[in-house]
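Colleague: I should like to learn how to read the features of a predicted model. Please take the general idea first and then the case at hand.

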Amino acid sequence: MSDRLVRGQVVETVGGVYRVRTDAGTVAASLRGRIKHFGKRDRIVIGDYVEVGGASGEAPVIEAALPRRTRLSRRSSTSRFAKVLAANLDRLLMVASVADPPPSRSVIDRMLVMGEAGGMECGIVLNKVELPGGRALADALGAAYRKAGYQVVGTSVVTGEGIGAFRMLIHSGSSVLAGPSGVGKSSLLNAVEPGLALRTQAVGRRSRAGRHTTVSSRLITLAGGGEVADTPGFSDAGPGDVSARDLGRCFADFRPHLGQCRFNDCVHIHEPGCAVLAAVEEGHIGHARHRSYQTILAEL
Ligand SMILES: Nc1nc2c(ncn2[C@@H]2O[C@H](COP(=O)(O)OP(=O)(O)O)[C@@H](O)[C@H]2O)c(=O)[nH]1
Ligand SMILES: [Mg+2]
Ligand SMILES: [Zn+2]
């Protein structure tokens with residue numbers, strides 16, 4: 001490697017090693033100390049565009065990180081601060097199952113906020129539609145979320161229904177699958193690309209020797225095109241990195257009504273002249289969506 005800086009994208013992080021994909025191939029780089037201290041809360045993550053240098057003969061070093069277009073961050077219930085997990089992903093697909101486990105609207109809404117707050121396009125995958133009553137539930141939920149402005153795909157890994165539509169989504173741009181454990185995220189990816197070895201949900205598992213095994217994050221290139229982020233840490237997902245002020249903007253169905261409330265600092269809970277509340281009353285915004293908004297707002 002020459003003294004010149006080479007631009008690339010981080011495709012894997014494990015311990016202090018960053019695999020960076022450049023035009024000249026993928027290199028394993030470390031971080032300059034001062035970038036390392038760039039902040040605990042703002043590390044370099046998969047999807048980040050970076051500049052890699054290193055005098056000839058020396059190991060590649062990440063010298064700089066470029067601004068992010070989108071970010072996937074989570075805020076755990078135990079920390080005040082959001083932690084960035086991945087950068088520059090195009091889309092967040094919220095995966096829920098119609099049964100086993102049953103869908104939770106508040107969990108779906110929370111994940112959508114996470115995607116919206118990070119600037120990603122959001123979609124919803126309702127899996128296991130072949131289960132008894134599944135189709136009707138998927139239709140009802142699908143209608144509610146399509147009305148809210150989100151793309152919804154009903155799928156079954158068992159019958160293959162909707163897998164073509166899911167494939168189209170996942171093969172374009174970069175995605176992350178969010179959603180509770182057991183809804184079928186791994187199964188869906190395996191239906192699209194058999195043998196894809198995604199890491200399990202477990203974070204900080206201990207090896208037999210009793211030490212923490214190193215947890216990696218990867219941006220996986222799919223054989224059929226597109227990329228999918230494989231990153232641990234959704235289990236205690238909070239609403240991501242969003243302020244109370246910005247929360248309304250993270251609800252696609254609120255957006256057309258924002259800026260029309262009587263008070264500039266309206267938080268859309270019980271203020272007179274609130275355009276969002278009026279839209280709920282008139283049926284343009286679902287009551288369940290507004291309840292989720294209130295719940296998340298109370299947590300912020
Ligand atoms: N009935 C049914 N079961 C499914 C479907 N997709 C996945 N499963 C099952 O749901 C369970 C959890 O799937 P998994 O892919 O591990 O979920 P993940 O935790 O979200 O990655 C497994 O037993 C799968 O076989 C589906 O479309 N229909
Ligand atoms: Mg899984
Ligand atoms: Zn309002």
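Colleague: Over residues 200-212, where does pLDDT stay in relation to 50, and how many contacts beyond four places in sequence does the model have there?

Modeller: pLDDT is the predictor's confidence in each residue, from 0 to 100, and two residues are in contact if their C-beta atoms, placed from the backbone, lie within 7 Å. In this predicted model, pLDDT stays under 50 over residues 200-212, and the model has 12 contacts beyond four places in sequence for them. The mean pLDDT of the protein chain is 88, with 85% of its residues at 70 or more. Local features here need pLDDT of at least 70 and side-chain atom pairs count only at pLDDT 80 or more, while totals for chains, interfaces and linings use all residues. Residues are numbered from 1 along each chain as its sequence is written, and chains are lettered from A and ligands numbered from 1 in the order in which they are written.

Colleague: How many helices and strands does the protein chain have?

Modeller: Helices (H or I, at least four residues) and strands (E, at least two) are DSSP runs, numbered from the N terminus. The protein chain has 7 helices and 13 strands. Two strands pair if DSSP finds at least two bridges between them; strand β6 (residues 71-75) and β7 pair in the antiparallel sense over 5 bridges, and L72 stands opposite A86 in β7.

Colleague: How many of the 6 residues of strand β7 are buried?

Modeller: A residue is buried if 20 or more other C-beta atoms lie within 10 Å of its own, exposed if 12 or fewer, and partly exposed in between, with C-beta atoms placed from the backbone. In strand β7 (residues 82-87), 5 of the 6 residues are buried. Of the 300 residues of the protein chain, 41% count as buried.

Colleague: Which residues touch the most other members of the largest nonpolar core?

Modeller: In soluble globular proteins, nonpolar side chains tend to be buried together. A nonpolar core is a set of buried Ala, Val, Leu, Ile, Met, Phe, Trp, Tyr and Cys residues joined through C-beta atoms within 7 Å. The largest one holds 71 residues, of which A86, L92, M94, V95, I124, L126 and A178 touch the most other members. Helix α2 (residues 105-117) gives the most to this core, with 6 residues. Leaving aside neighbours within four places in sequence, the contacts of V95 include V125, L177, A178 and L188.

Colleague: Is R91 in strand β8 buried or exposed?

Modeller: R91, found in strand β8, counts as buried because it has 21 C-beta neighbours inside 10 Å. Beyond four places in sequence, R91 is in contact with M120, E121, G123, G173 and S175.

Colleague: What should be noted about the backbone at D100?

Modeller: D100 has a positive phi of about 55° although it is not a glycine, and its place is in the loop between β8 and α2. D100 is exposed, because 12 other C-beta atoms lie within 10 Å. A cis peptide bond joins D100 and P101, with omega about 0°. N88, in the loop between β7 and β8, also has a positive phi, near 65°; N88 is buried, with 23 other C-beta atoms within 10 Å.

Colleague: Which residues are closest to ligand 1?

Modeller: A residue is near a molecule or strand if its C-beta atom, placed from the backbone, lies within 6 Å of it. For ligand 1, 14 residues surround it, and the closest are V157, G184, K185, S186 and S187.
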